[in-house]
Amino acid sequence: MRAVNDWDQWIEEELGRRAEQDLTRELRVVTESSQPVCRREGKTLLNLSSNNYLGLAGHPQLAEAMGEAIERGVGAGSPSSRLIVGHEEETALLESELANWQKSEEALVFGNGYMANLGVLSALLGREDAVFSDRFNHASIVDGIRLSGATHYRYRHRDMDHLENHLKKADQKGIRRKVIVTDAVFSMDGDLAPLQEIVYLKERYGAALFVDEAHSVGVVGTQGRGLAHDLGIAEQVDLHMGTFSKAFGVYGAYVSGKREWIRYLIHTARSFIYTTALPPVMITAIRRSLQLVKQGALLRQYLMGKCRYFREELSQAGFRLTDSMTPIIPIVLGESSTTLQFSKRLVDCGVLAVAIRPPTVPKGEARIRFSLMASHRDGDVQEAIRKIGQIGHECKVIT
Ligand SMILES: Cc1ncc(COP(=O)(O)O)c(C=O)c1O
């Protein structure tokens, strides 16, 4: 058994090891974090790191909705988990509005996207089952799979032949049930899952399909319904997950699908059952945000125009981009040390864009992940592109 003091030493060594590999992480105080330009440690920074794609987190209507809710007496907190005391009418209204918007039978609100993924995967799958997951799926999907105890088949990123091979292998082994799970938009690359091909394979091999639309709802498709709707295959997806913490500019998440599937989750998803409900004041803000998202065609158009311009300019400058089709636009630099240096130089020049390093991305694939907002001013974006190019030359990433 380890002596107590060994723990202090071990933690120190672990942190030291991360520092040696340029993998130290820092928490920092930021003001006006939901705005296109924020302030950090006395510096004014163009925020190119935010998931607040439509700029709604700072929208006055959301603050107004929250203020009105408090005045109506809904309270700042929830009394219990939803299955104990029950929920306010606002929550029932939100769930029916979400179901309407997603054209699904029902929707269920979760505390956040991480908990939704954990809850769904551990509820659907057990030790006798198999799950097929894109190698670049979000950490919350990986953790949900671990919790479920199911056999985990990781397929190469967007590689449908590899997915099919795994499905065949699982059938040969006589696996009980199969679930395919994928991000719709991959959070560190900004590229899209080949959902049509996945639907074909799901039907061919009798698997269920769970799609995480965290980065696509609000941004992609008519009324911001997400990628599956945009491709016309939403009905073939058994469960959809979307979060309110990104384009919605609020907090929380939902899962939508057929009535009986949602009823099953209410009985089995432990991250839904054993946690306090989202505060009603938050639910009110989400309802208002849903209205803004549905009416946000113009915001989506501005956003996509800016993204296209940003991608084209960086590509022409010689940076290595991913296949991004979304507001997540990374430049892949390779080594953590170069990426960290690049990110620090950006901050010196007034641009906030984080260095994404292993284990969040594979070794040798460290990158600067830029993300754009509809509310960024065109002039600021142009100026940022100029600075990124200049630092690219300084760091010898481009010639
Ligand atoms: C693809 C994906 N799924 C799930 C989550 C988790 O969502 P949330 O931030 O609401 O917990 C995130 C973001 O962090 C994400 O990028």
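Me: Which ligand atom does the backbone of tyrosine 114 lie close to, and at what distance?
Reply: In this predicted model, a backbone N or O atom of tyrosine 114 sits 3.0 Å from an oxygen atom of the ligand.

Me: OK, and what about the side chain of histidine 215, how far is that from a ligand oxygen?
Reply: An N or O atom in the histidine 215 side chain is 2.6 Å from an oxygen atom of the ligand. Lysine 246 has a contact to report too: a polar atom of its side chain lies 3.1 Å from a ligand oxygen.

Me: How much of the ligand does the protein bury?
Reply: The protein buries 86% of the 390 Å² that the ligand exposes when taken alone.

Me: Nice. Which elements give two or more residues to the shell around it?
Reply: Those are α4 (113-124) and β9 (239-243). The biggest giver is α4, with three residues.

Me: How many residues surround the ligand, and which are the closest?
Reply: There are 15 residues around the ligand, and the closest are Gly113, Asp212, His215, Thr243 and Lys246.

Me: And how does that shell split into nonpolar, polar and charged?
Reply: The shell around the ligand has nine polar residues, three nonpolar and three charged.

Me: Switching topic: how much space is in the second largest pocket?
Reply: The second largest pocket holds about 320 Å³ of space. It is lined by 16 residues, and Lys103, Ser104, Ala234, Glu235 and Val237 are the closest to its centre.

Me: What classes are in that lining?
Reply: The lining of the second largest pocket has seven polar, six charged and three nonpolar residues.

Me: Let's zoom out. How many helices and strands does the protein chain have?
Reply: The protein chain has 14 helices and 14 strands.

Me: What radius of gyration does the chain have, and what would a compact globule give?
Reply: The protein chain has 22 Å, and a compact globule with 399 residues would have a value near 21 Å, so the two agree. As for extent, the C-alpha trace spans about 55 × 55 × 55 Å along its principal axes.

Me: Now the backbone. Where is there a cis peptide bond?
Reply: A cis peptide bond joins proline 358 and proline 359, with omega about 10°. Proline 359 is in the loop between β13 (354-356) and β14 (366-371).

Me: One last thing, what is phi of aspartate 22, and where is that residue?
Reply: Phi of aspartate 22 is near 55°, which is a positive value in a residue other than glycine. You'll find aspartate 22 in the loop between α1 (4-20) and β1 (30-31).

Conventions:
Residues numbered from 1 in each chain as written. Predicted model: local features only at pLDDT ≥ 70, side-chain atom pairs only at ≥ 80, totals over all residues. Heavy atoms only, no water. Near = heavy atom within 4 Å. Polar contact = N/O pair within 3.5 Å; in protein donor to acceptor, adjacent residues only side chain to side chain. Areas by Shrake-Rupley, 256 points an atom, 1.4 Å probe, with all protein chains shown as cover. Helix = DSSP H or I, 4+ residues; strand = E, 2+ residues; numbered from the N terminus. Nonpolar A, V, L, I, M, F, W, Y, C, P; charged D, E, K, R; others polar. 1 Å grid on protein atoms, 1.4 Å probe; cavity = no way out; pocket = protein on both sides within 12 Å on 5 of 7 lines; lining within 4 Å. Points joined across faces, edges and corners; volume = space filled by probe spheres on them. Rg over C-alpha atoms; globule rule 2.2 N^0.38 Å.
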